[in-house]
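The following exercises concern the packing of helices and the burial of residues. Please examine the sequence and the model before reading the solutions.

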Amino acid sequence: MANTSSAKKAVRKIERRTAVNRTRRSQMRTYVRKVEEALATGDANAAQAALAEAEPLVMRAAQNGILHKNNASRKISRLTVRVKALAK
């Protein structure tokens with residue numbers, strides 16, 4: 001339990017940041033899932049459009065510290081490879 005006023009404030013800040021990060025992570029996962037679903041259906045145009053929406057969200061999550069930047073890059077890279085393979 002926080003005893004000092006600064007520790008109590010830190011707890012409040014952590015709660016607020018956790019809520020924001022949870023929202024951003026959830027949104028990012030939703031858009032990545034949309035890409036996965038488009039790939040599963042085999043619709044190349046929908047997959048391309050979903051990837052274009054998901055990519056900025058994943059990279060923004062990396063900038064905000066929700067994902068590691070290499071993890072975000074790897075996610076985007078692997079999705080891009082799969083979308084391009086579907087377009088052939």
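Three exercises follow, each with a worked solution.

The model is predicted, so local features need pLDDT of at least 70, side-chain atom pairs count only at pLDDT 80 or more, and totals for chains, interfaces and linings use all residues. Residues are numbered from 1 along each chain as its sequence is written, and side-chain values use heavy atoms, with hydrogens and water left out.

**Exercise 1.** Determine how α1 is oriented relative to α2 and to α3, and identify the residues in contact.

*Solution.*

Step 1. Helices are DSSP runs (H or I, at least four residues) numbered from the N terminus. Axes are lines fitted to C-alpha atoms over the stretch in contact, and angles run from 0 to 180 degrees between N-to-C directions.

Step 2. For α1 and helix α2 (residues 44–63), the axes come within 8 Å and cross at roughly 155 degrees. This makes α1 roughly antiparallel to α2, a term for angles over 145 degrees, whereas angles under 35 degrees count as roughly parallel, 65 to 115 as roughly perpendicular and the rest as oblique. The crossing of α1 and α2 is left-handed, meaning that the near helix is turned anticlockwise from the far one by less than a right angle.

Step 3. Contact means heavy atoms within 4.5 Å. On the α1 side, the contact with α2 includes Gln27, Met28 and Tyr31, and on the α2 side it includes Ala50, Ala54 and Leu57. Its residues divide into 14 nonpolar, one polar and two charged. Here Ala, Val, Leu, Ile, Met, Phe, Trp, Tyr, Cys and Pro count as nonpolar, Asp, Glu, Lys and Arg as charged, and the others, Gly among them, as polar.

Step 4. Helix α1 (residues 5–41) packs against helix α3 (residues 69–87) at an angle of about 25 degrees, with axes 11 Å apart. The two helices are therefore roughly parallel to each other. Val32, Val35, Glu36, Ala38 and Leu39 of α1 meet Leu79, Arg82, Val83 and Leu86 of α3.

**Exercise 2.** Characterise the packing of α2 with α3, then locate the largest nonpolar core.

*Solution.*

Step 1. The axes of α2 and α3 come within 10 Å and cross at roughly 175 degrees, so α2 is roughly antiparallel to α3. The residues of this contact comprise twelve nonpolar, three polar and three charged.

Step 2. A nonpolar core is a set of buried Ala, Val, Leu, Ile, Met, Phe, Trp, Tyr and Cys residues joined through side-chain atoms within 4.5 Å. The largest one has 18 residues, and those with the most contacts inside it are Val35, Leu39, Val58, Leu79 and Val83.

Step 3. Two or more residues of this core come from each of α1, α2 and α3, and α2 gives the largest share, seven residues.

Step 4. Leucine 39 touches Ala47, Leu79, Arg82, Val83 and Leu86, residues up to four places away in sequence not being counted.

**Exercise 3.** Decide whether leucine 57 is buried or exposed, and do likewise for alanine 40.

*Solution.*

Step 1. Buried means under 20% relative accessible area, exposed over 50%, and partly exposed in between (1.4 Å probe, protein chains only).

Step 2. Leucine 57 lies in helix α2; its relative accessible area is 15%, so leucine 57 is buried. Beyond its neighbours within four places in sequence, leucine 57 is in contact with Gln27, Met28 and Tyr31. Leucine 57 and arginine 24 are 33 residues apart in sequence and 8.4 Å apart in space, C-alpha to C-alpha.

Step 3. Alanine 40 belongs to helix α1; its relative accessible area is 68%, so alanine 40 is exposed.
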